[in-house]
Amino acid sequence: MNKKWIKYLTFFLDNTEYGIPVDKVKKIIGMSGVTCVPMHKKTIKGFVNIKGKVIPILDLRLKLGLEEVECTDRTHVVIVEFEMEHLRRLIGLVVNSVSDVSNIPTEGLEPIKEDESMGLLVWKVRDRNILLLDTQKLLDEEEMIILKQT
């Protein structure tokens, strides 16, 4: 029997490991290129210009209800692709540190029932859990409007 595997980029927020599908990741950059702009929506930190495209930056810590922390030299922005209204858009996700690319079997993934709106799944491997994010379910309505405007 063939197992189906998906590649995920894993990263940390505090001591929790998260993952997003590698096929959604377009680029990983440092925080130095981010232009911070005060916004009505606190989760949007600012923008970055990559090859003439203005890309909004979402603080994933705040989005997931974690405390805001100062950026370090390990802080990165993971640029991911979203499909919106049949168009592809980019958004940057601020993460504490990038970990690895992992092959994760699709069988045995367990949905977290507390937050199905974010599309979180738990992957258990040995003594660690990885929370897998569905990037399509990550943004709320106000963040989607900001993404449409870029």
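From the N terminus on, the secondary-structure elements of the predicted model run β-β-β-β-β-β-α-β-β-β-β-β-β-α. The chain thus holds 12 strands and 2 helices. Its radius of gyration is 15 Å, close to the 15 Å that the globule rule gives for 150 residues, so the chain is as compact as a globular protein of that length. Along the principal axes, the C-alpha atoms fill a box of roughly 50 × 35 × 30 Å.

Contacts within the chain were examined by sequence separation. Of those between residues at least 6 apart in sequence, 56% join residues at least 24 apart. Buried residues account for 45% of the 150 residues.

The accessible surface of the chain comes to about 8,900 Å². Carbon and sulfur atoms contribute 49% of this area. Charged side chains number 22 positive and 23 negative. The centres of the two sets lie 6 Å apart.

One residue was examined in detail. Ser 102 lies in strand 9, which spans residues 97–105. Its relative accessibility is 9%. Buried status requires a value under 20%, so Ser 102 counts as buried. Residues up to four places away in sequence were set aside when its contacts were listed. Ser 102 then touches Ile 6, Lys 7, Tyr 8 and Thr 10. It also touches Trp 123 and Arg 128. Ser 102 is thus a buried residue of strand 9.

Methods: Residues numbered from 1 in each chain as written. Predicted model: local features only at pLDDT ≥ 70, side-chain atom pairs only at ≥ 80, totals over all residues. Heavy atoms only, no water. Helix = DSSP H or I, 4+ residues; strand = E, 2+ residues; numbered from the N terminus. Buried < 20%, exposed > 50% of the residue type's maximum accessible area, 1.4 Å probe, protein only. Contact = heavy atoms within 4.5 Å. Rg over C-alpha atoms; globule rule 2.2 N^0.38 Å. Areas by Shrake-Rupley, 256 points an atom, 1.4 Å probe, with all protein chains shown as cover. Lys, Arg positive; Asp, Glu negative; His and termini not counted. Charge placed at Lys NZ, Arg CZ, Asp CG, Glu CD.
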